[in-house]
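User: I would like a close look at one part of this model, namely its aromatic residues and how they sit within their surroundings.

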Amino acid sequence: MQSSLPLTIDRAAGLPLHLQLAEQFRAAVLDGRLHAGHRLPSTRDLARELGVSRSVTQAAYDQLHAEGWIEGRTGAGTFVTDVVPLQPAVRRRPQHRPGADAKLLTLRPGIPYIAPTPDPGWRRAWREVSTQSPPRGYDDAAGLPALRAALADHVARVRGIACGPENVLVTNGTVHGLRLLLTVTRQPGDRIAIEDPGYLNAVVAARDHRLEIVDVPVDEDGLQVDALTEAAAVYVTPSHQYPLGGRLPVARRNELVRWARRTGSLLIEDDYDSEFRYDVAPLPALAQLDLERVVHLGTLSKTLSPALRLGWLVASEAMVDRLAAFRADSGDWPGWPMQAAMLAMLRDGYLDQAVRRGRRMYADRRTHTCAVLSPYGQIVGQDAGLHITLLLPDDADDLRIAAAAREAGVVVAPLSEYRRTVPGPPGLVIGYATPSTPDLHRALTTLTEILTHR
């Protein structure tokens with residue numbers, strides 16, 4: 001069936017209808033059939049023309065809006081944005097190094113999709129900053145007071161942590177908050193328990209502070225609390241264990257907090273990927289069980305961009321005061337413009353909107369990625385986040401597969417990179433958020449060819 005736009009649908013195709021529409025729309029913009037400023041039909045009218053439900057056309061428009069191809073203008077409708085796409089590079093058939101001349105497509109985890117053009121909410125936040133005068137002198141080492149108050153409201157609403165601005169410290173992101181915490185609270189030689197496999201940057205931070213790392217195994221539910229031994233601190237990703245994706249259940253969370261109270265250990269909660277759940281609502285943060293014993297780390301890296309270098313730390317008032325006092329001497333805290341923009345994004349509801357858009361887009365990509373890769377191994381961690389992990393047969397060499405993929409133009413992380421001493425099967429940690437939807441399809445096609453002939 002044909003619409004007045006250059007769009008068709010094929011119900012027999014394997015690709016969902018809304019993704020078919022979105023992909024054809026991009027092609028029409030790239031080849032000049034649609035131009036910047038072109039007014040699009042309403043989702044209702046387009047659905048009627050194509051003979052599909054309105055939810056299909058709405059999902060297609062949501063996808064295109066999230067990627068920056070279209071924009072809504074209040075009271076006027078939906079329009080093609082002024083996108084000037086990069087022309088694809090001329091590619092020659094490789095002679096000696098397959099894929100060497102092709103553009104690298106990244107399936108690395110942990111990086112969100114960044115639209116080619118900023119949307120109105122982003123622009124509004126920065127316009128608000130541009131109308132303000134900077135503070136007179138140095139600002140508060142713990143962060144702008146108004147931003148700390150807004151963040152306290154945010155984590156109370158979305159993560160269930162009962163706290164006030166006195167419990168919040170603004171950071172440059174999760175790793176920055178972790179390093180600050182280790183600098184102030186730990187001594188060389190202290191033992192820190194870290195999930196294995198686990199987040200490499202947390203391991204590097206612990207080593208840089210000359211801490212003794214205790215590797216703790218994980219299972220399908222996350223950290224195995226009954227495997228913990230004596231440690232001064234525990235680093236844990238309870239919302240979406242990185243990289244295997246387990247969600248720490250309530251009973252095990254309670255057990256972990258009881259263990260920390262009994263041993264006097266500090267629990268460091270990296271709230272990784274809590275925003276993006278596709279099965280059920282996220283569990284409240286671990287910090288809501290005991291803010292005296294748990295330090296909570298959050299970030300904008302997965303919702304907006306890692307380049308913003310902004311996040312937050314939530315802890316007891318005494319801990320925040322201690323960290324802020326150290327920062328007042330070191331001068332190491334985020335600058336005023338970035339904090340002011342973050343405050344505007346929170347007040348304007350832009351952050352919530354970005355999460356909702358991202359959740360819809362990433363849910364579709366997750367479904368497609370799982371469908372394509374499920375014949376090649378066991379998929380874990382698909383209920384949340386921006387990546388899945390494909391567990392491969394024991395005889396597979398994930399390092400060799402990742403190297404072959406890179407030669408073919410696709411960057412993917414081998415699971416063995418995240419393992420230290422706890423054994424486990426080989427696998428691939430596959431992020432589906434970063435590339436455009438067409439690039440994701442191309443990257444997965446390349447990867448399946450390599451897995452087929454491994």
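Which tyrosines form one aromatic cluster?

Analyst: In this predicted model, the aromatic cluster is formed by Tyr-199, Tyr-242, Tyr-272 and Tyr-418. Within the cluster, the rings of Tyr-242 and Tyr-418 have their centres 5.5 Å apart and their planes at 80°, so this pair is classed as edge-to-face. Tyr-242 belongs to the loop between β9 (233-236) and α8 (250-263), whereas Tyr-418 belongs to the loop between β16 (413-414) and β17 (427-431), so the pair ties together parts that are 176 residues apart in sequence. Tyr-242 has a relative accessible area of 8% and is therefore buried, and Tyr-418, with a value of 3%, is buried as well.

The structure holds 5 aromatic pairs, and another of them, formed by Trp-122 and Trp-126, is tilted, with 5.9 Å from centre to centre and 55° between the planes. These two tryptophans are 4 residues apart in helix α4 (residues 120-130), which means that about one helical turn separates them. Trp-122 counts as partly exposed because its relative accessibility is 25%, and Trp-126, at 27%, counts as partly exposed too; the cut-off that matters here is that buried means under 20% relative accessible area.

The surroundings can be described through the nonpolar cores. In soluble globular proteins, nonpolar side chains tend to be buried together. The largest nonpolar core in this model has 49 residues, and those with the most contacts inside it are Leu-223, Leu-228 and Leu-256; helix α10 (residues 336-348) gives the most to this core, contributing 8 residues. Leaving aside residues up to four places away in sequence, Leu-256 touches Leu-223, Val-225, Leu-228, Val-236, Leu-248, Leu-267 and Leu-286. Apart from this core lies another, of 33 residues, which includes an aromatic residue, Tyr-362, along with Leu-105, Ile-379 and Leu-444.

A further aromatic side chain to place is Phe-326, which takes part in a contact between two helices. The axes of helix α6 (residues 174-185) and helix α9 (residues 317-330) come within 10 Å and cross at roughly 95°, so α6 is roughly perpendicular to α9. From α6 the contact draws on His-176, Leu-180, Leu-181, Thr-183, Val-184 and Thr-185, and from α9 on Met-319, Arg-322, Leu-323, Phe-326 and Arg-327. By class, this contact has 6 nonpolar, 3 polar and 2 charged residues.

Terms used. Residues numbered from 1 in each chain as written. Predicted model: local features only at pLDDT ≥ 70, side-chain atom pairs only at ≥ 80, totals over all residues. Heavy atoms only, no water. Axes fitted to C-alpha atoms, helices over the stretch in contact; angles between N-to-C directions. Parallel < 35°, antiparallel > 145°, perpendicular 65-115°, else oblique. Contact = heavy atoms within 4.5 Å. Nonpolar A, V, L, I, M, F, W, Y, C, P; charged D, E, K, R; others polar. Core = buried A, V, L, I, M, F, W, Y, C linked by side-chain atoms within 4.5 Å. Buried < 20%, exposed > 50% of the residue type's maximum accessible area, 1.4 Å probe, protein only. Phe/Tyr/Trp six-rings, centres within 6.5 Å; stacked < 30°, edge-to-face > 60°.
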